[in-house]
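Could you walk me through this structure in the viewer, one selection at a time? I would like to know what to pick next and what is there.

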Amino acid sequence: MNPWLDWAKQLQAISQTGHAYSKDDYDLERFTQIGDIAHQMFAELSDTPVEKVKNLFISESGYPTPKVDLRAAVIKDGQILLVREREDGRWTLPGGWADVCETPSQGVVREVFEESGLVVDNPRLIAIKDRAVHDYTPVFAFHIYKFFFLCNYVSGEPTSNIEVSEVGYFSPNNLPPLSESRVLESDIETAFSCHNNPSVQVYID
């Protein structure tokens, strides 16, 4: 884990919090300067133009909190459902950002249907992971919590869409190239472990 990235995130959070609660013009100017420093650090660490980094935070306001990524593990006949992202051509568990006014279980069921065409139910939480302390790559400027659910297949046939080019089932010992920004092989191992042993405790952190 890169401590400079953590420091940049903390500076960005201080800047955002200051803008949310401070009324003093002098303080607001200083919080803006802190935010600019954080953006420059993000740009340097990720080899990304600073203007692109700034644009990531334009809509961010109020007290900064982690974003939530929902992922579904659907296991059928000893194989796990994966979707191939058009963005990087690699495979992942279906999922995406949690939506406002939607429970996590509703969100993960929706994501599976949108990305694969399959209907699932009975989502069971199996892991909550802080993306920053695991080996997901590349690093993100945002602090992200990843929620993993084990879901039951109900109906439907695999269907590609605007985000996903292929949908398929894979055995754990014959996985395709994974989109390691979204999922790690260890996440899939956790899914099979929880599927085979329902008493396994939820992994947190």
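A word on names before we start: helices (H or I, at least four residues) and strands (E, at least two) are DSSP runs, numbered from the N terminus. With that in hand, select the loop between β7 and α5 (185-196), where you will find Glu180. Keep in mind throughout that this is a predicted model.

**Stop 1: the negative patch.** Stay on Glu180 and add Asp135, Glu185 and Glu189 to the selection; these residues gather in a patch of negative charge on the surface. Glu180 itself is partly exposed, because its relative accessible area is 39%, between the 20% and 50% cut-offs.

**Stop 2: the whole protein.** Now zoom out. The C-alpha trace spans about 60 × 30 × 30 Å along its principal axes. Colour by secondary structure and you should be able to pick out five helices and eight strands. Followed from the N terminus, the order of elements is α-α-α-β-β-β-β-α-β-β-β-α-β. Of the 205 residues, 38% are buried.

**Stop 3: strand β2.** Select residues 79-85. Is this strand enclosed or open? Five of its seven residues are buried, so β2 is largely enclosed by the rest of the structure.

Next, show its partners one by one:

- Strand β1 (residues 67-76) runs antiparallel to β2 and is joined to it by two bridges. Look for Ile75, whose bridge partner in β2 is Ile80. The two strands form a hairpin with two residues between them, and Asp77 in the turn has a positive phi of about 55°.
- Strand β7 (residues 164-170) is also antiparallel to β2, and here six bridges make the connection. Pick Leu82 and you will find Gly168 as its bridge partner in β7.
- Strand β3 (residues 91-92) pairs with β2 in the antiparallel sense over two bridges. Arg84 stands opposite Trp91 of β3. This hairpin has five residues between the strands, and Gly89 takes a positive phi near 75°.

While the side chains are on display, recall that in a regular strand they alternate between the two faces of the sheet.

**Stop 4: salt bridges.** Side chains of opposite charge can pair when their charged atoms come close. The structure holds 12 salt bridges, and three make good stops.

Begin in β1, residues 67-76, with Asp69 and Arg71. Their salt bridge has its closest N and O atoms 3.1 Å apart, and both residues are buried.

Then move to Glu29 and Arg30, where the closest N and O atoms of the salt bridge are 3.6 Å apart. Glu29 counts as partly exposed because its relative accessibility is 44%, and Arg30, at 31%, is partly exposed too.

Finally, select Arg110 and Glu111, whose side chains meet in a salt bridge at 3.1 Å, N to O. Glu111 has 6% relative accessibility and so counts as buried; Arg110, at 18%, is buried as well. Extend the selection to Asp99, Glu102 and Glu114, and you have one network, in which salt bridges that share partners join these residues with Arg110 and Glu111.

**Stop 5: a nonpolar patch.** Which residues make the nonpolar surface patch of about 330 Å²? Select Trp4, Trp7 and Leu45 to see it. Leu45 belongs to helix α2 (residues 25-46), and its relative accessibility of 34% is why it counts as partly exposed.

Conventions
Residues numbered from 1 in each chain as written. Predicted model: local features only at pLDDT ≥ 70, side-chain atom pairs only at ≥ 80, totals over all residues. Heavy atoms only, no water. Buried < 20%, exposed > 50% of the residue type's maximum accessible area, 1.4 Å probe, protein only. Pairing = 2+ DSSP bridges. Patch = residues over 30% accessible without salt bridge, like charges linked within 9 Å, V, L, I, M, F, W, Y side chains within 5 Å. Areas by Shrake-Rupley, 256 points an atom, 1.4 Å probe, with all protein chains shown as cover. Salt bridge = Lys/Arg side-chain N within 4 Å of Asp/Glu carboxyl O. Lys, Arg positive; Asp, Glu negative; His and termini not counted. Charge placed at Lys NZ, Arg CZ, Asp CG, Glu CD.
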